[in-house]
Amino acid sequence: MESQKTAIFLQAKLPGMLWLASGGADGISPEKVKVLKGREVILFPDAYQEGRIFKKWEQKARQLGFEISDYLERNATEQQRAKGVDIADFV
């Protein structure tokens with residue numbers, strides 16, 4: 001997930017998981033995530049038109065050995081994509 005506000009909101013709503021924000025796909029790198037080694041990590045990219053952000057995050061997930069959620073890709077409407085909704089908008 002990208003937004004720090006989203007991470008705080010989801011930590012309060014779904015405390016069974018540890019929610020971290022990256023500030024965007026460019027804010028995550030092998031060096032920054034080495035502390036997560038051995039943990040199950042699932043990326044939740046925002047939904048945008050034509051899935052272009054998802055594709056970028058999908059490459060990042062492969063590079064880092066993380067899973068990626070396609071929930072927003074499958075469920076966001078075109079109007080929601082135009083607004084760039086994130087997972088918090090669905091919780």
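In the predicted model, Phe54 touches Pro45, Ile68, Ser69, Asp70 and Glu73 when residues up to four places away in sequence are left out of account. Phe54 is placed in helix 3, and its relative accessibility of 12% lies under the 20% limit, so that Phe54 counts as buried. With respect to Leu43, from which Phe54 is separated by eleven residues in sequence, the distance from C-alpha to C-alpha is 9.9 Å.

The largest nonpolar core is composed of eleven residues, namely Ala25, Ile28, Val33, Leu36, Val41, Leu43, Ile53, Trp57, Ala61, Leu64 and Phe66. Helix 3 supplies the largest share of this core, with four residues. A second core, separate from the largest one and made up of ten residues, has Ala7, Leu10, Ala47 and Leu72 among its members. Ala47, one of the residues of this second core, was also compared in position with Pro15, and the C-alpha atoms of the two residues, which are 32 residues apart along the chain, are separated by 23 Å. Pro15 itself lies in the loop between helix 1 and helix 2, and because its relative accessible area of 58% is over the 50% limit, Pro15 is classed as exposed.

Salt bridges were then examined, and a search of the whole structure finds five of them. One is formed by Lys56 with Asp26, for which the closest N and O atoms are 3.5 Å apart. This pair links distant parts of the chain, since Lys56 belongs to helix 3 (residues 52–64) whereas Asp26 is found in the loop between helix 1 and helix 2 (30–33), the two residues being 30 residues apart. The two partners fall into separate accessibility classes: Lys56, with a relative accessible area of 39%, is partly exposed, while Asp26 counts as exposed at 66% relative accessibility.

A further salt bridge is formed by Lys34 with Glu31, where the closest N and O atoms are 2.8 Å apart; Lys34 is exposed, as is Glu31. The side chains of Arg74 and Asp70 likewise meet in a salt bridge, with an N to O distance of 2.9 Å. In this pair Arg74 counts as exposed, at 55% relative accessibility, whereas Asp70 is partly exposed, with a relative accessible area of 33%. In addition, Glu73, Glu78 and Arg81 are joined into one network by salt bridges that share partners. Two of these acidic residues recur in the surroundings of helix 3, in that Asp70 and Glu73 are included in the set of residues touched by Phe54.

At the surface, Phe9, Leu14 and Val91 make a nonpolar patch of about 230 Å². Phe9 has its place in helix 1 (residues 4–13), and its relative accessibility of 32% falls between the limits of 20% and 50%, so Phe9 counts as partly exposed. This value is also over the 30% relative accessible area required of residues in a patch, which is why Phe9 can be included in one although it is not classed as exposed. The two phenylalanines described here thus receive separate assignments, Phe54 being buried in its position at 12% relative accessibility and Phe9 being partly exposed at 32%.

Notes
Residues are numbered from 1 along each chain as its sequence is written. This is a predicted model: local features need pLDDT of at least 70, side-chain atom pairs count only at pLDDT 80 or more; totals for chains, interfaces and linings use all residues. Side-chain values use heavy atoms; hydrogens and water are left out. Patches are made of residues with over 30% relative accessible area and no salt bridge: like charges are joined within 9 Å, nonpolar side chains (Val, Leu, Ile, Met, Phe, Trp, Tyr) within 5 Å. Accessible areas come from the Shrake-Rupley method with a 1.4 Å probe; for residues, only the protein chains shown count as cover. A salt bridge is a side-chain nitrogen of Lys or Arg within 4 Å of a carboxyl oxygen of Asp or Glu. Buried means under 20% relative accessible area, exposed over 50%, partly exposed in between (1.4 Å probe, protein chains only). Contact means heavy atoms within 4.5 Å. A nonpolar core is a set of buried Ala, Val, Leu, Ile, Met, Phe, Trp, Tyr and Cys residues joined through side-chain atoms within 4.5 Å.
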